[in-house]
Structure formats: C-alpha cells, structure tokens
Amino acid sequence: KADKFIGRVNELQNGGYDVRFLPSVSDSKLRKLFSMAACMIFPSHFEGFGLPAIEALLSETPLICTSTGVICSELTGQGHFINGDLRGELAIKIEDLVVNPPSKEILRKGREAALEYTNRNNSSQLWSDTILSLTSHGGGLDR
C-alpha cells in the first residue's frame, strides 16, 4: 500500500500539485505550517491518539478527520468528520470548507475543546505518573 501511495503522490507532483513530505519539523515551524494551511486532513482509521488533530485545532486550523480514533471521537462537533467512503466524503468536506470556511468563533471553540481535552488528559497522566512514582520507589503509598 505504501508503494501505491507514493506512486499517487508522485503523479500529483508531476501534475503540478504542491505535495511534499516533510522531515521532522520544529514546534515553531509546525505552528507556521498549520497557520498557512487551508485545513488539516487526518483520514486515518488506524491512528492511536491522533495528536495531529489536536495540533490542528490548537492552531485554529479547520480539521477533517475520520470519526474513529481516540481523539477524533472525543472532539465530535469540532471538525468535519468522514466515515466510510473516504474519496466521496472527503471531496465533499474539502469543497464545503472552501465554499463555507468556518468562522473565527467556530475555530476558537475547536481550540478550546482541544485545550480542554489536553488539560484533562495531562492532569490524568500527571496523577497516574505521580501514583506510579510513589508506589514504585517506596514513596509512601505502599507502606
């Protein structure tokens, strides 16, 4: 499947489309890229946590993603969701974003939802890490 994907990307590039694979980029470069993007498309059915979707919303970049996955399912209502027919649905969602771009208010709400999700999960992770640290290093809870 990877060869087929790379072949399609090469076809698009040869057809004059600006499609690029980027190496690892810094956080500041990533923010700049998101700010320049018309939208973030995250059509994965197999992602783990979907952090690129969170990064897009935090950057107030319109999001199109599948309705599966941990983060995308948590952010229902904060982006455009596609289900099964990736080609058909994806084309419709992209056209909708071009014709009817989301308002600043909608993008701000998406950012707030991403921040809330991030804060909630960071707090849970911090608590879990603290408990694990205390119990595994003889910090007092297992005495």
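## Model and secondary structure

Helices (H or I, at least four residues) and strands (E, at least two) are DSSP runs, numbered from the N terminus. Helix α1, for example, spans residues 2-14 and contains F5. This is a predicted model, in which local features need pLDDT of at least 70, side-chain atom pairs count only at pLDDT 80 or more, and totals for chains, interfaces and linings use all residues. Residues are numbered from 1 along each chain as its sequence is written, and side-chain values use heavy atoms, with hydrogens and water left out.

The protein contains six helices and three strands. Their order along the sequence is α-α-β-α-β-α-β-α-α.

## Burial and contacts

Of the protein's 143 residues, 20% count as buried (under 20% relative accessible area, 1.4 Å probe, protein chains only). Taking contacts (heavy atoms within 4.5 Å) between residues at least 6 apart in sequence, 38% join residues at least 24 apart.

## Nonpolar core

The largest nonpolar core (buried Ala, Val, Leu, Ile, Met, Phe, Trp, Tyr and Cys residues joined through side-chain atoms within 4.5 Å) has 11 residues: F34, M40, F42, A53, I54, A56, L57, L63, C65, A114 and Y117. Two or more residues each come from β1 (40-42), α3 (51-58), β2 (63-66) and α6 (104-136). The most come from α3, which gives four.

## Surface

About 10,100 Å² of the protein is exposed, and carbon and sulfur atoms supply 57% of this area (Shrake-Rupley method, 1.4 Å probe).

Methods: Buried means under 20% relative accessible area, exposed over 50%, partly exposed in between (1.4 Å probe, protein chains only).
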